[in-house]
2 protein chains.
Amino acid sequence: MKSNNHSQQNFRRDGFLGLTGRKVSLSDHYEKKLEDLEDNVRMKQNLLAGEEVPAAFVSFKSRLGAAVALHIQQGVNPTEWVTEQAPEPRDVHWAFFSASFIKRWIFKLVVPVACFALIVLYLIPVVIVQGLANLEQLETWFPFLKGILSLTVVSQVITGYLPSLILQLFMFFVPPIMLTFSAIQGYISRSQIERSACSKMLWFIIWNVFFANVLSGSALYEVNVFLEPKNIPRVLAEAVPGQASFFISYVVTSGWTKLSSELFRLIPLVCSFWKRLFSRKDGNEFEVPSLPYYNDIPTILFFGLLGITYFFLAPLILPFLLVYFCLGYIIFRNQLLNVYAPKYETNGKFWPIVHNSTVFSLILMHIIAFGIFGLKKLPLASTLLIPLPVLTLIFNAYCQNRFLPLFKAYPTECLVKQDRKEQNEAGMTEFYDKLVTAYQDPALMPVQYARNTDRDTSPLLHSTEV
Amino acid sequence: MKSNNHSQQNFRRDGFLGLTGRKVSLSDHYEKKLEDLEDNVRMKQNLLAGEEVPAAFVSFKSRLGAAVALHIQQGVNPTEWVTEQAPEPRDVHWAFFSASFIKRWIFKLVVPVACFALIVLYLIPVVIVQGLANLEQLETWFPFLKGILSLTVVSQVITGYLPSLILQLFMFFVPPIMLTFSAIQGYISRSQIERSACSKMLWFIIWNVFFANVLSGSALYEVNVFLEPKNIPRVLAEAVPGQASFFISYVVTSGWTKLSSELFRLIPLVCSFWKRLFSRKDGNEFEVPSLPYYNDIPTILFFGLLGITYFFLAPLILPFLLVYFCLGYIIFRNQLLNVYAPKYETNGKFWPIVHNSTVFSLILMHIIAFGIFGLKKLPLASTLLIPLPVLTLIFNAYCQNRFLPLFKAYPTECLVKQDRKEQNEAGMTEFYDKLVTAYQDPALMPVQYARNTDRDTSPLLHSTEV
């Protein structure tokens, strides 16, 4: 049936190409063009539907059976049959669904390198742009501004705020870039992509906000410090206390502000208003947003890191952080209950990121304390400090042994229990029936642009007589 | 039946304790003592046999079933039910068989730290001992040697060979120490222990022979170099070429000598002769030795590392290495075919160590070359070199994806094929019968010291009338 349809469409398209020579009304012209596009899409879909794809969703009678297929290497060549747990239907990222192992592997290698380069070298272009955007340069570029720029107030505002504005603007583009990086890294589900983007953002913030401000030198100086691990405690101990007041004000200016902007959601409001103004869709269509975990979790974790690393250097930071976290609890609780609708179940899988970030913060705090006790020539304090990172790392290793496996896969005990429970349940056959159609590539969804049911006769646009 | 036996032995033991007060002949005394020991052993065995042990061998009807139990986490608490593949019966290391997860985990954490300390700080005591063992010190300790030591020949020999002799003596103790470290690391099979000891020995040799000679400073200087990763290429480039002639002679003195001593097996011969002289066992009892992989593989790999790192600095090393490897092939082929009997199947599982060592050698070579081109101010050559380590690491990652899984577990394809083949085989019931008694803790083996079959009446030593 499909191939039949296909030839018919081909014919119609030829007919259309002949028609373009004639002079037709504008509406007719676009109508035909749209129709043509739609046909093309359908033709491509038919081709796709017939194509053999080297990937498939496989459903199992029991959870245990699925787990067996998932956890044991299938073929002799481990790259030939790769099994992964299927995400929820709404969570599938189709772009890499049928990608070959080699393609996914190459992207998995290339993206971290690109991401590393972005994180480490990010400040270089920012600093260059900031350097370019000074008063004299602006005057050369926009001579008509000369009059305004010579006013003292204006020039003060520009020299004071322009660099920070540029930094904020650049910052604004990072989360989408990280999400794109993660999206092309070969994951087959959106939740994996967001988790991966979340770690990337976390490292980005730690490097480009914490270390960039603490070491307050060029990006290359930062890198240099970390290439001499012996000096890290000393350098950090010298640099970190000086930035205490900066980070206290950062908690207020960035943390509190972000929370309140989260509450008011001004940018999404403007965007939505803008869209509705121009799209002319029915006013009631409104997609419920989902929480951008990859953007919010790293921010919150970063404030945790600030608290842990600064509490013994500048305890004044603690009340500000307390206010931040209390406000955050109230606001995010409200947002999660009343504003956002989750696009997929996270299953608590973001927790290991939180755990790792906390352990990293603790170790960083120990290193800074070690350096400070060294600077202040308190060898006893330094010595007494040594067990702390060791114990932290042992605790981390214990957690990885005891709890991390539960984030990766369900144990047999749970699987078998659930399997037995479901054996006697009534709705299982219905569930299996649903399963067959649950996973559908959106590229193969029926085209829904326009055309009435009797699509070959009625025009595309209903009553627009030009 | 077991508990019955137990009480009877308890009673006899009490009786013996009463007897010791009496004056008995020496032979009687020792006879009783041995008997007592034997009873104690048997009593302990009974206790052990009745004791519940938190570990068990579980046999499965099919290989796939075993793989399922092995690869999927069983209980909700991942540390409660830990599954591991059972080694061959002759390969089991019983000491840690029933150790708890926490105990094994602690040892797994502690041993690498101890091993790291041994590897890094090993040269410190050696240098101290070498410093103590100079001529004056020897004269103070052994005044009677004064006459001999004042001879020029003797003093020259001592100053020339004593330090190297001490180093060699210390070196002699390292493989057993590494094996002991691995043995208490919580492995349940000898093959795992030997594999682990093999890696440990490899790192030990690379650090204490290659880097110690190349950097030719104190151990702390060595550590210092690696704490400043930025300087590694420069330091290595300065130091490595100078040691070329030393390593060429090392290939001859150590490599060729070890091979020939391997052929003659002088030390085992002396040991065996010694043992037979004193143990008065039947002369025909002779245990076929097994190849000490943990000692031989690292040595061979180290010569590979020398070849890879020195071939472009001092190509003269290559013919010597060629002779070493050709000799080695002939000698080890002979030894494996005619001398050694394997104690367990290695299943080629030592190969990943060889692979990793080769990749490490290549990267080290690239770093040295990079440093040398830097020293000679050839920026083009340095730049052209950058893709090499990258490609090596990508190759390594590819191998880890493509081949490493096969060293860890059998794929379903093979398991199912083998299962189906065995379903129709005749000897399977026999095999299952054998399986029941295959794994027996040697601690529970029947005591075989002496005593005739009617052990309660006849004396322990047959006809020794004093």
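This passage describes how the two chains of a predicted model are arranged and then turns to one helix and one residue of chain B.

Two copies of a chain are related by a rotation about an axis and a shift along it. In this model, chain A can be laid on chain B with an RMSD of 0.2 Å by a turn of 180°, accompanied by a shift of 0.0 Å along the axis. The two copies are thus related as by a two-fold rotation axis. Among the residues of chain A, the one that comes closest to this axis is Glu228(A), whose C-alpha lies at 2.3 Å. Because 100% of the interface residues of chain A are also interface residues in chain B, the copies meet through the same surface.

Within chain B, helix α12 comprises 21 residues (244-264) and reaches 30 Å from its first C-alpha to its last, which is close to the 30 Å expected at 1.5 Å a residue. The helix nevertheless bends by about 30° at Tyr250(B), a residue that is itself among the buried residues of α12(B), which also include Phe247(B), Ile248(B), Val251(B) and Leu259(B). The buried residues of α12(B) pack against three helices of chain B, namely α9 (190-215), α14 (293-310) and α15 (317-339). After the helix comes Arg265(B), which has a positive phi, near 50°.

Elsewhere in chain B, Glu422(B) is found in helix α20, which spans residues 412-423. Glu422(B) has a relative accessible area of 17%, and it is therefore classed as buried, the cut-off being under 20%. When its neighbours within four places in sequence are left aside, Glu422(B) is in contact with Arg63(B) and Met428(B).

Notes
Residues are numbered from 1 along each chain as its sequence is written. Chains are lettered from A and ligands numbered from 1 in the order in which they are written. This is a predicted model: local features need pLDDT of at least 70, side-chain atom pairs count only at pLDDT 80 or more; totals for chains, interfaces and linings use all residues. Side-chain values use heavy atoms; hydrogens and water are left out. Copies are superposed by least squares on the C-alpha atoms of residues with pLDDT of at least 70 in both. Contact means heavy atoms within 4.5 Å. Helices (H or I, at least four residues) and strands (E, at least two) are DSSP runs, numbered from the N terminus. Buried means under 20% relative accessible area, exposed over 50%, partly exposed in between (1.4 Å probe, protein chains only). The expected span of a helix is 1.5 Å times one less than its number of residues. The bend at a residue is the angle between axes fitted to the seven residues ending there and the seven starting there.
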